[in-house]
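Work through the exercises below with the structure open. Each task is followed by a worked solution.

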Amino acid sequence: MDTSNPAVFVNAELLRSYVGRKVRAVIQVMRSDGGTVIGRSTDEQQIAVKGNPPGPLTTFVEVIGIADSNQSIRAEIWSNFGDTLDTHSYNHVCLLANGDYKHLFI
């Protein structure tokens, strides 16, 4: 497992702090406009994900890629997370991974 460049867990608010770095986020897919998927992050804000997903997307998708701007990610990896997800719990993981427990998240 390569840990030299880990992807930071983010929601939309945290994304602003990692522009230009590798991040991972879960979004609820709202719509797809060509090469961009618009979704709602786990903190209820909008994120644009640029790139072409490998196939049909479920309601919730995790993307790993480079934070392109305060509100967008250039996706490298897309993973379907299914049609139900406890977004509150995932959002809490994002906060823990960027707070006092940051050392536990590679």
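**Surface and fold**

The protein exposes an accessible surface of about 6,000 Å², and 49% of this belongs to carbon and sulfur atoms (Shrake-Rupley method, 1.4 Å probe). This is a predicted model: local features need pLDDT of at least 70, side-chain atom pairs count only at pLDDT 80 or more, and totals for chains, interfaces and linings use all residues. Residues are numbered from 1 along each chain, and side-chain values use heavy atoms, without hydrogens and water.

**Exercise 1.** State the order of the elements from the N terminus.

Solution. Count first: the protein has 2 helices and 6 strands (DSSP runs; helices are H or I with at least four residues, strands E with at least two). Then read along the chain: β-α-β-β-β-β-β-α.

**Exercise 2.** Determine what share of the residues is buried.

Solution. Apply the cut-off: buried means under 20% relative accessible area, exposed over 50%, partly exposed in between (1.4 Å probe, protein chains only). Of the 106 residues, 37% count as buried.

**Exercise 3.** Classify the aromatic pairs.

Solution. The structure holds 2 of them (ring centres within 6.5 Å; planes under 30 degrees apart are stacked, over 60 edge-to-face, the rest tilted). Take Phe9 and Tyr90: centres 6.1 Å apart, planes at 55°, so the pair is tilted. Phe9 lies in strand β1 and Tyr90 in helix α2, so the pair ties together parts 81 residues apart in sequence. Tyr90 is buried, at 11% relative accessibility. Next, Phe9 and Phe105: 5.7 Å centre to centre and 75° between the planes, an edge-to-face pair. Phe105 sits in the segment after α2, 96 residues from Phe9. At 28% relative accessibility, Phe105 is partly exposed. Finally, join the pairs: Phe9, Tyr90 and Phe105 form a cluster.

How values were computed
Rings of Phe, Tyr and Trp (its six-membered ring) pair if their centres lie within 6.5 Å; planes under 30 degrees apart count as stacked, over 60 as edge-to-face and the rest as tilted.
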